[in-house]
Amino acid sequence: MDQLLDILLHPEYLNLFYFCIIGILASAIISFLPALHIYNVIGIFMLFVLKFEATMAPMELIALSIGMIVGYSILNTVPATYFGPGDESMSYYVLPSADWVNKGRGYEGVILTGIGALTGIIVLAICAPLFIYFLPGLKAITAPHMFWIIGAVIVYSIMSEWPKGLSQSPDCWTNFKEGWYYLGIGFLLFLASGLLGFIVMSKTLVPVQFAFQSITPVFVGLFAMPWLITNVINIGKVPHQHEAESVEMDWNLVVRGTFGGFLGGFFAAFVPIVTAGVGGLMAGHATAQRDGRLFVMSYGTCKTIYYVGSFLLFFIPGLSLTRGGLACIINPVVSVLTIKEYFVFIGLMLFAAGISFLLLMPFTKLCIRIVETIPFQWVSIVAMIIVIPAVYACTGWGGMFIMAVATGLGLIPVLFQARRMNLMGVLLLPVCLNMAGYGNVILKFLGLL
Amino acid sequence: MKGFTHFISGIAVATFFQQAIHMASQESSFILCLGGLFGILPDTLDFKLAKYFYKSDVEIKPDPNKLDAREIANGIAQAVNKAIETGKGSVQLHTMQLASNRWRSYQLRFDTKTSEICVDIGPEVDTGQIPFDGTELTDPEKAHARVKVNCEFYQQFDKVSNIAIMTGPCFEFEKRADGKMEIVFLPWHRQWSHSFTLGMLIAFIVGLISYFCVPEGPNPELYTLPRWTLYPLIILFGSMVHIIEDSTGFMGNNLFYPFTKKRTNGLGFMSASEGIPNFFFVWTATILILFNLDRFRWAPEITPPGITSQFSFWFWFYVVPVAIMLYFFLKGKKEKELKAKEEGRENKTVDFDGPQAVESETDASII
């Protein structure tokens, strides 16, 4: 313990806290860029930062990244709630939170999510020493089976969608067709998204120099643009947001929310391609969640564990597990990781979570001022004015075309009440089949190889 | 139980077949997913098929512009009266959708003490079932009704049915030998789809197909079962585990349909909607999956195990978590009993494996 404190409190490491704070502040700015996926934004930011690689020690870069990922995972809830989600993980949360916003309780929802994120980070820190012991074993057991685990996730997410419709016709077949209409659309949407995923991953239209951003137009199209379009055509107004001084919660809510969220987030962090949205849904079903507050809080834990946990896995000594975009970006910079770096990571993670949580309240109030003073439609139009040129700048006309196709797909759940989660077929299907070794067969069949 | 509980339990069952694990790890087979698929299938058959083809004697479609609780209660009484005369009657209650995200709610309760059907018109709600203020009916004559019927009710689940969003519930009334009128909630649920006979039938058909279509795999000397038997066995045990898990709740299954005609009562150990029991099964399945994947890993002589100490694994990852779950489960049960005692009512656990609970999933996109 003394040794650990020596490491954490040693003046040599104080600069890491400085870089961590810079990361948090950067994440606050990045969070304001509406509807963009976290890893793409961080990817661009890191390209800029890596120019200073010669003058920055690897641990300083890591501290910066920790600040960014922790800050983003906590602060991103705010603009996602008021301006629109950037990825599937956020869109899973945003719809119920939009319900809270409509009731003027958006602030409360954001704070509840923040509390969930904070408790999740604390549990992650407590579990961190244990990870060293059991995660290598878990990796050894599951590594040859990852493809079918993702396959099982696909099967479950398709089968767990229940029919919608009122079933009020006297004719049984009419009711049956009505119910299956929505299921069918959901299933076709999953397949169409999967097809788009195969095309983007094998023969993307994005120019080679922007290859690292090839998934950006897909995510912007599938998740961000439909949300912004819906906001623009929505005639409703954001009601006055009540800035609550306290949040209604009890220990039961905290324990259940953190536990369920941690399970979902950890599953999403550990299994490749599975996002916090999918992990959250499965954990919610596994722990039989019903309460709205529980869902919102649990989601705060889930997405934070997903974003931060996947990055943390990279630092576990001897595990060699690269999950999530940030770990991939950092990978070339970091050579040797020891137990010392791991615990420095944990310390910085807790520090970043504390600072980010303190920033959450003023950050939310700022967002509320914006949506209350500027018409909501205009906020979304401005967001689109930022997003579309950003996609063009990063991916060219090819990326714009992909974004247009993806936007068409992304609008289907809005128009036909299908699950947005089906859009995750864009990654789940191609990655699952590629991991199983069937990717080339499918590509040949599609004429892409 | 929740769909996910059945799904992961089905996968856990499939991992007991060594050859299936080898097929997954060495031949990129998705055979283990088959267990999950058939684990969740009985509920899929009910909620995506059977519910559409069940015909009720009485259908109640309340008019949102002419709300009258008595009219609804009378409609239900009509189905009860049919059951008094013929032995059986059923009623389907429909919801009232007012706009894309606006519904009129109403509640139904059967009072066993007074033999009354109690209907209360509730407020307008959104799809998240949050009420809109000031939308309650002001006329008490129209908002509340109690209609007495000429029979004594028998119900296992003493619950208030809130009919608000999506599709409404269905009730069947069946005259018992003791003269009481049994209220069967969701009569189309857990019938033929939740029977061992259906599992055996599907397994038999798949067995026939796989016998002719599935060739023996590599290294057959390693296994006691021929490869073709894996498919029917995983299907059979996957669906069986669903039925066994459901039997631990209050609502049972129709185990040997068509030889048995009625859905039996469950063992009543736990409620299908409770978090801890669901998670107990999920956790047990997860631990079994990991244990089986490890012990049946390919080439164990050259591949180091993921589980280095069996004792530590079972103690820390199973005994301790289950003990914690048991503690909180019993604590919660005791608190519920105390609360019921304080309120002077009987503590009857509600089994929520109905459309409201199943359909109000945590998928946000339906809101």
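Helices here are DSSP runs of H or I, at least four residues in length, numbered from the N terminus. With that in hand, let's walk through this predicted model.

**Stop 1: A:L429.** Select residues 425–436 of chain A to bring up helix α17, then pick out A:L429 within this helix. Is A:L429 buried or exposed? A:L429 counts as buried, because its relative accessibility is 17% and the cut-off for buried is under 20%.

**Stop 2: the neighbors of A:L429.** Leaving aside residues up to four places away in sequence, show what A:L429 touches: A:I154, A:F190, A:L191, A:G194 and A:F198. For a distance check, draw a line from the C-alpha atom of A:L429 to that of A:N331; the separation is 26 Å, with the two positions 98 residues apart along the chain.

**Stop 3: the A–B interface.** Now select the residues of chain A in contact with chain B: there are 56, meeting 56 residues of chain B. Together the two chains bury about 5100 Å², with 71% of that area on carbon and sulfur atoms. Color A:W148, A:M159 and A:W162 next, since this trio supplies 16% of the area chain A buries against chain B, more than any other three residues.

**Stop 4: the chain A side, helix by helix.** Several helices each supply at least two residues here, among them α7 (106–142), α9 (172–202) and our starting helix, α17. Which helix gives the largest share? That is α8(A), with eight residues. Coloring by residue class shows 35 nonpolar, 13 polar and eight charged residues on this side.

**Last stop: polar links.** Between chains A and B, look for nine residue pairs in polar contact; the salt bridge count is zero.

How values were computed:
Residues numbered from 1 in each chain as written. Chains lettered and ligands numbered in written order. Predicted model: local features only at pLDDT ≥ 70, side-chain atom pairs only at ≥ 80, totals over all residues. Heavy atoms only, no water. Buried < 20%, exposed > 50% of the residue type's maximum accessible area, 1.4 Å probe, protein only. Contact = heavy atoms within 4.5 Å. Buried area = accessible area lost by both parts, 1.4 Å probe. Salt bridge = Lys/Arg side-chain N within 4 Å of Asp/Glu carboxyl O. Polar contact = N/O pair within 3.5 Å; in protein donor to acceptor, adjacent residues only side chain to side chain. Nonpolar A, V, L, I, M, F, W, Y, C, P; charged D, E, K, R; others polar.
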